[in-house]
Amino acid sequence: MPGLFIIAHAPLASALKECASHVYAGCPQKLLAFDVAPDAVVEDTAQAALPALRQAAADGSALVLVDVFGATPSNIALRLSELAGDLKLKIVAGVNLPMLLRSVCYQAESLDGLAARATAGAVQGVVQVSADAP
């Protein structure tokens with residue numbers, strides 16, 4: 001079962017993990033969060049995050065969820081994929097709560113399937129809501 005690893009601007013990663021724990025009591029043990037400080041240096045932060053990633057990916061694989069493609073957390077995730085060459089990782093940017101909840105629900109799927117479910121959850125979770133919507 002792939003692990004789940006959230007990397008996002010502080011305090012978003014921890015907040016998302018807390019939300020998942022609120023929705024799913026006894027949240028998966030293989031869900032870890034890493035908050036990125038505003039002044040984070042990619043190389044140093046990737047080195048600091050590597051042990052947590054290895055813990056999340058204890059079975060050899062993990063889905064890494066980042067907040068914004070191209071931002072520091074995304075760059076850290078890409079560096080982690082280089083540092084953890086023995087781990088199978090999928091990185092998905094644009095994490096939101098529907099993406100995370102879908103990932104938790106389908107964590108038993110293959111890494112490829114889990115990445116597809118996460119992406120679908122994120123997209124399907126964005127809905128315009130108004131009283132006069134058709």
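This passage walks through a predicted model, from its central sheet to the helices around it.

A good place to start is the sheet. Four strands make it up, arranged in the order β2-β1-β3-β4, and the sheet is open with parallel pairing. The edge positions belong to β2 (31–36) and β4 (88–93); each has a single partner strand, so one side of each is left without a neighbour in the sheet. On average, and with direction ignored, neighbouring strands are turned by 20° against each other. As a reminder, strands of a sheet pair through backbone hydrogen bonds, in either a parallel or an antiparallel manner.

Strand by strand, the pairing can be followed through individual residues. β1 pairs with β2 in the parallel sense over six bridges, and here Ile-7 stands opposite Phe-34 in β2. Five bridges join β1 to β3, again running parallel; on this side, Ile-7 has Val-66 in β3 as its bridge partner. Val-66 in turn stands opposite Ala-93 in β4, within the parallel pairing of β3 (residues 61–66) and β4, which spans six bridges. Helix α3 (residues 72–83) packs on this sheet and touches β1 (3–9), β2, β3 and β4, with a direction that makes about 140° with that of β1. β1 itself is mostly covered, six of its seven residues being buried.

Just beyond the sheet, two local features are worth a look. Ala-10 and Pro-11 are joined by a cis peptide bond, with omega at about 0°. Pro-11 sits in the loop that runs between β1 and α1. The second feature is Thr-45, a residue of helix α2 (residues 42–56). Is Thr-45 buried or exposed? Its relative accessibility is 11%, and because residues under 20% are classed as buried, Thr-45 counts as buried. Setting aside neighbours within four places in sequence, Thr-45 is in contact with Phe-34, Ala-40 and Ile-76. Phe-34 is the residue of β2 that stands opposite Ile-7, which links this helix position back to the strand pairing described above.

The remaining helix contacts involve α4 (residues 97–105). The axes of α1 (residues 12–23) and α4 come within 10 Å and cross at roughly 55°; the two helices are therefore oblique to each other. Their crossing is right-handed. From α1, the residues Leu-16, Lys-17, Cys-19, Ala-20 and Val-23 take part, meeting Leu-97, Leu-100 and Leu-101 of α4. By class, this contact consists of seven nonpolar residues, no polar ones and one charged.

α4 also packs against helix α5 (residues 111–124), at an angle of about 145° and with the axes 7 Å apart. This crossing, too, is right-handed. On the α4 side, Pro-98, Met-99, Arg-102 and Ser-103 are involved; they meet Leu-114, Arg-117, Ala-118, Ala-120, Gly-121, Ala-122 and Gln-124 in α5. The residues of the contact of α4 with α5 divide into six nonpolar, three polar and two charged.

Terms used. Residues are numbered from 1 along each chain as its sequence is written. This is a predicted model: local features need pLDDT of at least 70, side-chain atom pairs count only at pLDDT 80 or more; totals for chains, interfaces and linings use all residues. Side-chain values use heavy atoms; hydrogens and water are left out. Axes are lines fitted to C-alpha atoms, for helices over the stretch in contact, and angles run from 0 to 180 degrees between N-to-C directions. Angles under 35 degrees count as roughly parallel, over 145 as roughly antiparallel, 65 to 115 as roughly perpendicular and the rest as oblique. A crossing is left-handed if the near helix is turned anticlockwise from the far one by less than a right angle, and right-handed if clockwise. Contact means heavy atoms within 4.5 Å. Ala, Val, Leu, Ile, Met, Phe, Trp, Tyr, Cys and Pro count as nonpolar, Asp, Glu, Lys and Arg as charged, and the others, Gly among them, as polar. Two strands pair if DSSP finds at least two bridges between them. Buried means under 20% relative accessible area, exposed over 50%, partly exposed in between (1.4 Å probe, protein chains only).
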